Structure formats: structure tokens, C-alpha cells
Amino acid sequence: MIHLTYDRGTILVYGNVRVPGSAWDSRAGAYRAPAYLYRDIKAYVESSDFSYRDDVLDLVPTPGLTMKTVLRDYQERAVQAWDRAGSWGVVVLPTGSGKTHVAMKAISMVSPAIVIVPTLDLLAQWKERLDEEFGIDTGVYSGEEHRLGPVTVATYDTAYIRAPGLGNRFRLVVFDEVHHLPSPGYLSIAEMFACPARLGLTATYEREDGRHLELPRLVGGKVFERNVESMEGIHLAPFDLKRIYVKLTAGEEEQYLRDMEIYKNYLRDNNIILRTPRDFERLVMRSGRDKGAREAILARHRARATALNSSSKMEALADVLQKHSSPEDKIIIFTEHNDLVYRISKQFLIPFITYTTDKGERSRNLSEFRAGNYKALVTSKVLDEGVDVPDANVGIILSGSGSKREFVQRLGRILRKKGDKKAILYEIVSGSTSEVDTSYRRHKAVER
């Protein structure tokens with residue numbers, strides 16, 4: 001008889017039957033395979049008519065979970081598509097469209113379950129919603145607490161460390177913000193979990209480094225997708241995109257041109273043409289052994305900082321803030337660097353949230369913004385994804401990368417539908433600099 005067991009992120013197959021994906025382990029006296037192949041191994045054994053004993057899963061006790069919330073039509077279709085795909089796959093929905101409800105419906109169908117999230121803020125949000133929806137005490141696995149529940153929420157960092165011990169305790173694993181999963185290290189979470197059901201959630205499936213190609217193997221490919229445009233005005237607020245160009249000051253322009261000249265001269269003198277992000281990575285690696293390459297990269301960094309942090313942007317920002325000074329307007333300002341966050345906060349007396357803001361102050365600022373006591377917040381990247389941001393109708397990108405994912409996430413922060421609200425996302429861009437190209441690259445995420 002074949003005997004299947006779980007061992008620290010792998011499946012051991014006793015009984016002299018080599019199943020697909022396995023290799024002989026002489027010390028164990030059995031074939032060994034990565035745990036994520038559990039479903040395939042079981043299907044192979046069953047289809048081969050072998051008699052077998054399955055001791056892989058050691059499930060956390062769970063009551064029946066009933067969902068109280070009624071799903072919207074597209075959320076229901078997303079769950080059905082995932083179910084038809086064999087309970088594997090990724091659901092792609094814009095920020096603010098209710099991906100959490102899709103996951104909770106899946107959890108009500110398949111439990112016990114573990115939800116893996118990128119940040120502690122998200123962990124707290126998920127726990128609160130799961131407690132309320134199912135009337136349970138949701139388990140928590142983070143750096144601060146290790147407690148299992150019928151549904152457990154864990155951070156990617158803790159799940160990565162604890163995967164060998166957690167990998168056979170659940171039927172379903174949900175990866176929130178699943179675009180993080182293919183990162184080196186994190187992908188081993190999916191490999192060490194035996195969960196026969198898997199669901200990924202994201203607003204932005206593709207990664208610019210191409211590593212999203214790992215997702216079909218780890219959690220399943222896309223099974224359902226809706227973009228921002230298809231939901232605008234129906235389930236998301238209608239929106240406008242406005243780009244405002246500003247000029248560098250004379251001193252900034254002189255500094256910008258000087259630094260860009262250093263950078264371009266190096267590329268030209270060394271016959272280097274940068275066509276892809278991978279080409280730039282090679283240049284960075286080259287800087288480790290080439291002083292000229294290092295000076296060129298530093299010059300490019302200085303030029304970019306000059307363009308992103310131009311003083312003229314502060315004047316344009318003042319105009320936009322003045323334009324949206326009515327009691328109904330609530331504004332989120334996004335920047336690339338914390339230095340600019342602090343500068344804006346000091347000049348315009350706007351509360352800020354950065355990665356260094358402690359949990360209490362962050363919660364207090366979000367709460368005051370939600371209550372309408374603060375009309376604006378300024379942040380770097382900490383509100384780009386995950387955090388449950390209170391309703392806002394104006395976004396201002398003062399600086400950012402060319403990432404389409406970042407752009408979609410920032411846009412999503414102002415699209416939660418409320419009454420007849422119309423959202424506006426401004427970009428303030430330094431004209432005649434490389435920031436213009438950066439802006440056009442990120443705009444490709446939204447077709448308009």
C-alpha cells in the first residue's frame with residue numbers, strides 16, 4: 001500500500017511508487033516531492049488504482065462557516081470562475097472593488113483556511129473583517145503572536161519562516177496581494193503548503209520583472225479579471241486623470257542638465273544602450289567594479305531627485321489644494337520619497353503617514369481623515385496598497401515611479417464609490433525631464 005505523509009514542506013511517498021515531481025530520498029526510504037504537488041500526487045495515485053493511505057493533512061478544527069454578506073454580481077462570478085478552475089487561480093479586481101469578499105466566500109466553501117498578507121496593517125484589517133463576518137476568533141501568525149484558528153491570517157514574512165510547520169494544517173490558502181508571492185523566498189511558502197485549494201488576489205497581476213509567470217505553477221493563473229475602466233461609474237467612482245507640467249527653477253535646471261550629461265556621457269563612451277529594466281540591472285552590477293559606472297548612476301539619481309522634488313511642484317500643489325478646498329473634498333498626496341512628504345507636511349500643515357510613522361499615529365491620522373477632521377493626508381508609498389484608506393475624491397501624484405502597478409494602486413485609493421462622487425487624479429510632472437517619460441509609462445496601465 002502507498003502511504004502519503006507530510007514532512008516539513010514536502011510529501012513523502014512510501015510504497016515504491018514514483019509519483020510525478022518526486023525524487024528518491026534514501027534517508028527517508030521514500031520518494032519525496034514538494035508539498036504544493038499534493039493535489040496532483042493524490043490524483044495520480046487515485047487514477048492509477050493504487051490502494052493508498054493519506055496522512056498528509058492535519059487540519060485545524062473548524063466549524064461550518066456561513067457568509068452573511070451578499071456578494072455583488074461580479075464578485076459572485078469571480079468565485080464561480082475560481083470554483084470551476086478546480087479551486088485554484090488568481091482573481092484580478094481593482095482596488096476598492098471588494099476582493100476581500102471574494103476570498104471570504106471561498107473560505108466559506110473551503111476551510112480551514114489561511115490568509116497570507118504583506119503587512120501587519122492588512123493582517124489587522126483581515127482579522128477584524130473575518131471575526132465580524134463569521135463570528136469566529138480568527139487566528140494570527142505574525143512576529144508578535146502565533147495562534148491558530150479555523151481561519152488564520154499570517155504575514156508573508158512569518159509564513160515564510162513557519163511554512164514547514166503550517167503547510168498541512170489548512171485546505172485553502174489565500175494569497176492577498178499575490179503579486180508579492182513570486183519574489184525570491186516568498187514563493188517557497190506556496191511550494192511548502194499542501195493546501196489542495198489556492199486563491200490569489202491582486203489588482204495588478206503582471207510584474208515588471210516577469211516573475212508573475214511563476215503564479216500558474218504556485219497558485220494558478222488568472223481565472224477572473226475586471227479592470228478599472230470596465231467598473232468605472234458602476235461599481236467604482238467615475239474619474240478624470242489630469243497632468244500638470246511645471247518648469248524647473250533655473251538652478252534646478254542647471255543641476256539637472258549637469259548630472260544627466262555625466263550619465264549620458266558614460267553610456268555613450270561605453271556603447272551601452274538601455275532597452276529593458278534588466279539592462280539597467282546589469283549597469284548597476286557593473287558599478288560594483290567600475291568607478292565610472294558608479295558615478296554615472298549617482299548622477300542619474302541626483303538628476304531624478306531634482307526633477308521629482310522641484311520647488312515649482314510646491315507652487316502647483318498649492319494651486320490644486322486651493323482649487324479643492326471645499327468641505328466635500330478629501331485629498332491624498334503621493335510622493336516618491338519621505339523627504340518631500342515632510343516638506344509638504346511642514347509647508348501646508350498636512351498630516352503625514354510614512355513607514356516610520358508609528359502604529360498609533362498612523363491609525364489616528366487615518367481616523368481623523370475618515371471623520372473629516374483632516375481634509376488631506378500626504379504619504380510616500382505606505383498607502384499604495386493594502387491599507388484600508390478612508391474615502392477620498394482627489395489624488396495628487398507629486399512624484400512616483402513608472403510602475404503601472406503603483407499607478408493603478410494609487411488611482412484605486414480614490415475610486416471607492418460613494419453617492420455621485422467623481423474622483424480626480426492629478427500628476428504634477430517636471431516638464432523637459434525624464435519624468436515625462438516616467439509619467440507616460442505608468443499611464444499605460446489605464447487606457448484613456
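Strand S16 is joined to strand S17 (residues 376-379) by two bridges, and the two strands run parallel. If you would like a place to put your finger, find Phe352, which stands opposite Val378 in S17. Keep in mind as you look around that this is a predicted model.

Now step back to see where this pair belongs. S16 and S17 are part of an open sheet of six strands, and reading across it gives the order S14-S19-S18-S15-S17-S16, with parallel pairing. Which strands form the edges of this sheet? They are strand S14 (239-246) and strand S16 (352-353), each of which pairs on one side only. So that you can picture the strands as surfaces, here is a point that holds in general: along a regular strand, side chains alternate between the two faces of the sheet.

A helix accompanies this sheet. Helix H12 (residues 311-323) lies across S14, strand S15 (331-334), strand S18 (394-397) and strand S19 (423-430). Relative to S19, H12 runs at about 160 degrees.

Let us move to another sheet, built from strands with lower numbers. This one is also open and has five strands, in the order S3-S4-S2-S1-S5, but here the pairing is mixed. Its edge strands are S3 and strand S5 (52-55), and each of them pairs on one side only. From one strand to the next, the twist averages 30 degrees.

We can walk across this sheet starting from S3. Strand S3 (residues 23-25) and S4 are antiparallel and are joined by three bridges. Within that pairing, Ala23 stands opposite Arg32 in S4. S3 and S4 form a hairpin with four residues between the strands, and there Gly29 takes a positive phi near 70 degrees. On we go to S2: four bridges join strand S2 (residues 10-14) to strand S4 (residues 30-34), and these two strands are antiparallel. Here Val13 is the residue standing opposite Tyr31 in S4. At the other end of the order, S1 and S5 pair in the parallel sense over four bridges. Thr5 has Asp55 in S5 as its bridge partner.

Arg32, which we met opposite Ala23, has another partner to show us. Its side chain meets that of Asp7 in a salt bridge, with 2.8 Å from N to O. What does this pair tie together? Asp7 lies in strand S1 (residues 2-7) and Arg32 in strand S4, so the salt bridge ties together parts that are 25 residues apart in sequence. In the whole model, the count comes to 28 salt bridges.

This sheet has a helix across it too. Helix H1 (residues 38-47) lies across S1, S2, S4 and S5, and its direction is at about 160 degrees to S5.

Next, look at how some helices pack against each other. Helix H2 (residues 73-84) and helix H3 (residues 99-109) have axes 9 Å apart and pack at an angle of about 45 degrees. The two are therefore oblique to each other, and H2 passes H3 in a right-handed crossing. On the H2 side, the residues in contact include Val79 and Trp82, while on the H3 side they include Val102, Ala106 and Met109. Sorted by class, this contact has six nonpolar, two polar and three charged residues.

Helix H9 (residues 250-269) and helix H11 (residues 291-308) make a second pair to explore. Their axes are 8 Å apart and the packing angle is about 150 degrees, which makes H9 roughly antiparallel to H11. Their crossing is left-handed. Among the H9 residues in this contact are Tyr256, Met260, Ile262 and Tyr263, and H11 brings residues including Ala296, Ala299, Arg300 and Ala303. The contact of H9 with H11 has ten nonpolar, three polar and five charged residues.

Two details of the backbone round off the tour. Pro112 sits in the loop between H3 and strand S7 (113-117), and the peptide bond leading to Pro112 from Ser111 is cis, with omega near 0 degrees. The loop between H9 and helix H10 (277-286) holds Asn271. Although Asn271 is not a glycine, its phi is positive, at about 50 degrees.

Methods: Residues numbered from 1 in each chain as written. Predicted model: local features only at pLDDT ≥ 70, side-chain atom pairs only at ≥ 80, totals over all residues. Heavy atoms only, no water. Pairing = 2+ DSSP bridges. Axes fitted to C-alpha atoms, helices over the stretch in contact; angles between N-to-C directions. Parallel < 35°, antiparallel > 145°, perpendicular 65-115°, else oblique. Left-handed = near helix turned anticlockwise from the far one by under 90°. Contact = heavy atoms within 4.5 Å. Nonpolar A, V, L, I, M, F, W, Y, C, P; charged D, E, K, R; others polar. Salt bridge = Lys/Arg side-chain N within 4 Å of Asp/Glu carboxyl O.
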